[in-house]
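This report covers strand pairing, enclosed space and the ligand site of one model. The structure comes first, followed by the text.

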Amino acid sequence: MSDETPSFTNEQAHLQLVAALRESEILRELAKLLASSLDLNHILQVLVKRTTDVCGVQRCSVWLLENSHRAFIPATYYLISHNLSSQHVQAADSIWYRSSLSLDDPVLHRLLEKGTIILDDLGTEPTLRIVAEKFLVRSVMLVALVREGRPVGMLSLDDPGESRTFSLEQQQLVRAIGQQAAIAIDNARLYQQAQEERKRADRLIERARAIYEVAMAVNSEKDLSEVLEIAARHLVNGLDADGGAIALLDGETLRLVASINKLQAQQNLLSAPTAQTTVSLADLPNCLQAATDSAPLFVTAAQVEGAEKLWYHTLGLDNVLIVPLMEATKGGPSHTSHCAGFAFVHYHNPDHHPSRGQRAFAQDIAAQCALAIEKARLLAEARQAAALATERANTLNAVFHAMTEGITVLSQDGRVLLHNSAAAHFLGKALNSQDRLKDFLQRQSAHTLDGQPITAEYSPLVRALHGEPIRGERFVTKRVDGAERILELNIAPVHDASERQIGVVSAFRDITEQMRIEQYIRRALETMLHVAEAVSGITDIQDILRSVLTMALTALSCDRGLVQLYDEKEATFTPLLSVGFDALEEEQWITEQKQWFPPETDASSRFHADLIQGHATLIHIEQYLHLPDLLNRTEVLVAPITHRDHLLGLLMLDRSPITGSDIATSEPRPEFTSWDMAVIEGIAQLAGLAIEQIHWQQEAINARASETAMREANMLKDQFLAITAHEFRTPLTIILAHSQIILRSLRKTTDQEKNGSSQLPHLGETLSVIEEQTRQLTNIVNTFLEVTQINSGQLQLKLEEVDLAEIAKQVVTNYSAASADHEISCIVEPSEHSYLVKGDNARLLQIITNLVQNAIKYSPLGGPVTVSLRRRKALEGNANIEVCVEDNGIGIPKEAQPRLFERFYRAPNAQDMKAKGIGLGLYLVAELLHMHGGAIRVESSGVFGEGSRFIFTLPMLERETIARV
Ligand code: ADP
């Protein structure tokens with residue numbers, strides 16, 4: 001500042017100061033005003049008004065940078081011009097608001113470069129001339145609104161239609177205002193943006209919540225229609241729609257299940273009786289399209305026609321967003337899906353085009369609906385499966401309880417988990433779920449068939465829990481009613497998924513009846529065999545008959561018996577011999593019995609007729625009762641000794657009489673059973689055969705010289721054996737007949753028992769046992785016949801060239817399928833020669849079959865059975881073929897081995913294990929091999945489990961021999 005121009009300087013300075021003060025005041029005020037608001041509109045209004053005021057211009061307008069950042073677009077303006085008609089202003093307004101100034105315009109370029117420009121006449125700017133004319137702009141000051149180097153917009157100041165100038169102060173002031181305005185506008189816009197973002201976020205949250213709620217409904221216990229109702233509501237709300245509906249596809253038919261109408265909130269279309277709730281998908285082309293695209297499709301009412309229009313109309317839908325409910329296809333590749341139904345979102349306004357976000361939301365809700373549909377279907381399937389499973393379980397339960405076998409399931413710690421009615425019936429209250437095996441075994445004593453007590457730790461159940469398999473074990477125990485019964489027990493372990501034993505299932509059968517019948521049959525069979533064997537060596541009739549009588553008494557547990565001879569011509573009986581009487585007793589007994597046999601003394605004559613026909617009969621005590629001074633109040637079993645329909649004599653047996661004071665105290669003697677009668681009939685017939693044989697023998701001896709006679713006698717003996725075997729057929733038939741009688745009587749007992757019990761004895765099984773025994777007898781007869789044929793030299797071999805390996809393989813194949821417990825295999829040692837022999841195919845098959853059958857029979861615990869063939873060089877002559885049948889069974893004691901191939905011989909261990917057999921099989925095998933020029937031997941340590949090896953050899957057919965055959 002200079003001293004020479006103090007007054008001027010002072011005045012100027014004063015003016016400047018005043019101006020500056022005013023300016024700063026205006027600015028402060030404006031800044032305050034602008035800063036106090038984040039409302040862009042308000043800010044702009046204040047800005048244009050104040051700027052117009054303070055800068056002394058008639059018009060101030062503000063332009064803002066548009067969103068794409070490429071142009072300024074008009075925001076607002078303020079005008080205090082009075083010489084413009086309001087009509088003019090209005091017309092200009094609508095054009096102005098739609099105009100824009102590109103940032104590429106050279107004027108704006110300059111503006112942004114300089115910050116402020118003043119144009120004296122805008123009409124001279126080629127790019128802005130039209131703007132100038134339309135809005136009556138002449139002289140204009142433009143001020144760029146810039147924040148931190150970013151253009152925000154511009155201010156434009158002018159007096160419409162007039163030329164003017166702008167003072168430096170005005171320029172300075174507007175620039176300053178522009179700086180404040182740029183900050184305020186920018187802040188307000190950022191705020192606005194933030195607000196929008198927040199709104200968007202809120203909308204997203206809202207939608208997410210809606211989806212979450214639908215998902216919750218899907219996972220709840222609610223039923224499908226309720227879930228879909230919820231989904232429809234959220235869909236309509238979330239999409240700002242006016243209503244909506246959900247329909248499900250059932251095959252090709254669409255069925256409405258949920259509907260929402262915002263305007264009539266209470267109205268439920270489903271309950272409206274007139275609403276059409278089903279439609280064929282084929283009638284809805286837009287729905288088909290949406291399903292094909294797997295994407296929502298918006299159609300206005302105008303775009304829809306025909307049946308589809310009608311369907312939407314029924315549902316109260318105008319303009320519809322069709323959302324397909326796509327369900328992932330079960331079992332298919334992950335990307336395949338099928339349409340399970342549709343959601344329809346309804347808008348009144350045809351211009352409402354759902355945004356991308358809205359479509360995505362609709363698809364999310366649709367996915368939840370699809371899940372709900374799938375869940376409902378799975379649930380229905382599961383319910384169905386559960387119903388089926390229950391039905392099956394009930395059936396199984398019924399079968400379980402109806403089974404005649406007693407079944408119990410024990411846990412590994414010995415608790416009874418389960419038992420069926422048969423088990424409960426047998427064991428009574430002893431069996432309950434609290435029962436521990438230890439307590440149970442203490443109560444339920446058991447012993448072996450030969451009377452040895454079974455201790456708790458050796459009980460089959462305890463052994464089974466320790467892992468031992470129990471198969472067909474038999475023992476005696478008491479039924480709940482105290483009756484001693486024989487049980488057959490099978491126990492199998494129960495394993496968990498990791499093969500650990502977690503318990504056992506035991507099945508038992510009451511085989512008391514079966515055993516009784518088996519015993520009868522065995523005894524009958526054994527007796528008859530013994531009788532046949534015994535009498536075959538005796539030549540004296542008296543001896544034969546004594547021997548027969550003695551054996552019959554033993555077999556039938558009788559004490560006394562008598563043989564009488566019958567004279568056909570005289571029709572009289574003469575006592576021949578007796579067993580078990582003292583002299584006096586016998587005489588009296590005979591005298592008594594004599595009275596019955598002549599036909600004239602047989603009141604009913606049936607008794608006599610029975611005897612003549614070869615049937616055994618009983619003389620009951622009651623039949624004597626009317627007789628005075630009766631000594632023997634007993635039952636007598638009488639069997640006729642017949643041969644070729646001739647009565648030769650009688651076999652009479654009785655059980656000791658009970659006399660005097662014993663009558664009251666003694667147990668009644670068991671009555672004779674039908675089995676006893678069958679046995680005695682068989683024995684009596686054997687006696688008849690023996691007597692017949694004696695006659696022949698006698699005739700032969702008389703007729704020839706002694707040496708020839710001896711040979712003859714031997715031959716006859718064998719012939720006898722042949723006849724015996726033939727005649728065995730008769731007792732066989734009788735056994736069969738009597739088995740039927742037993743069956744009938746069993747049925748009767750069952751009927752009587754039925755009142756007190758529900759468990760039937762195993763009638764069918766009993767019958768099958770008898771049948772099996774009968775078949776066994778038939779086999780025996782056949783074996784007998786073969787033995788006699790061999791002995792009498794009648795058996796002829798049909799010799800031909802046969803392959804022994806083929807025969808062995810055939811036997812192994814035959815038995816592999818039939819025997820589950822034995823693994824039967826054939827090993828043929830490779831050889832350059834084949835295993836050819838000269839032999840009878842059928843007989844060789846019989847030999848190997850016999851050995852394999854024995855190997856199976858005598859390996860009661862199962863195990864491998866191997867047939868192996870190899871070639872053996874002979875010392876001289878042809879090589880041999882060696883066939884070995886090997887098992888891991890009971891073995892053969894050393895002392896038994898030399899006798900093994902004798903007739904009727906059975907090793908003691910075979911008899912102990914109660915395997916069926918008569919001891920003729922190996923004899924036959926040895927004989928047949930002998931006839932083929934072969935031989936057989938046995939090797940065994942005699943130790944149980946180490947088994948036996950039966951080795952036979954046959955001469956091999958060598959090449960040159962083959963040539964000759
Ligand atoms: P069966 O088997 O009818 O008793 P066999 O003549 O076939 O008559 O056998 C005679 C005896 O030889 C049998 O009773 C048995 O003692 C013994 N035996 C035969 N084969 C075997 C075998 N594989 N293991 C143990 N013993 C056997």
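Six strands make up an open antiparallel sheet with the order E14-E13-E18-E17-E16-E15. Strands are DSSP runs of E with at least two residues, helices are runs of H or I with at least four, and both are numbered from the N terminus. Two strands count as paired if DSSP finds at least two bridges between them. Strand E14 (416–419) and strand E15 (446–447) are at the edges with a single partner strand each, so one side of each has no neighbour in the sheet. Within this sheet, strand E13 (residues 406–411) and strand E18 (residues 501–510) are joined in the antiparallel sense by 6 bridges, and Thr408 faces Ser506 in E18.

The model is predicted: local features require pLDDT of at least 70 and side-chain atom pairs pLDDT 80 or more, while totals for chains, interfaces and linings use all residues. Residues are numbered from 1 along each chain as its sequence is written, and side-chain values use heavy atoms, without hydrogens and water.

Another open sheet of 6 strands runs E3-E2-E1-E6-E5-E4, again with antiparallel pairing. Its edge strands, strand E3 (101–102) and strand E4 (116–119), pair on one side only. E1 and E6 share 6 bridges in the antiparallel sense, and Leu64 stands opposite Gly153 in E6.

Several of these strands also border enclosed space. A cavity is a set of points on a 1 Å grid over the protein atoms alone where a 1.4 Å probe fits but cannot get out; lining residues have an atom within 4 Å of a point. Points are joined across faces, edges and corners, and the volume is the space filled by probe spheres set on them. There are 4 cavities of 30 Å³ or more, and the largest holds about 320 Å³. Its lining has 25 residues, of which Arg59, Ser61, Trp96, Phe135 and Val137 are closest to the centre. Strands E1 (59–65), E2 (71–79), E5 (140–147) and E6 (150–158) and helices H3 (86–98) and H5 (129–134) each supply at least two lining residues. H3 has the largest share, with 5 residues.

The ligand is surrounded by 21 residues, and Asn854, Tyr858, Asp887, Arg906 and Leu922 come nearest; a residue is near if one of its heavy atoms lies within 4 Å. Polar contacts are pairs of N or O atoms within 3.5 Å. Those to oxygen atoms of the ligand include the following.

| Residue | N or O atom in | Distance to ligand oxygen |
|---|---|---|
| Tyr858 | side chain | 2.7 Å |
| Ala907 | backbone | 3.0 Å |
| Gly921 | backbone | 3.1 Å |

The protein covers 98% of the 530 Å² of accessible area (Shrake-Rupley method, 1.4 Å probe) that the ligand has on its own. Helix H24 (841–857), helix H26 (921–931) and strand E30 (948–955) each give at least two residues to the shell, and H24 gives the most, with 3 residues.

By class, the shell around the ligand has 12 nonpolar, 6 polar and 3 charged residues. The lining of the largest cavity has 18 nonpolar, 3 polar and 4 charged residues. Here Ala, Val, Leu, Ile, Met, Phe, Trp, Tyr, Cys and Pro count as nonpolar, Asp, Glu, Lys and Arg as charged, and the others, Gly among them, as polar.

How values were computed. Polar contact = N/O pair within 3.5 Å; in protein donor to acceptor, adjacent residues only side chain to side chain. 1 Å grid on protein atoms, 1.4 Å probe; cavity = no way out; pocket = protein on both sides within 12 Å on 5 of 7 lines; lining within 4 Å.
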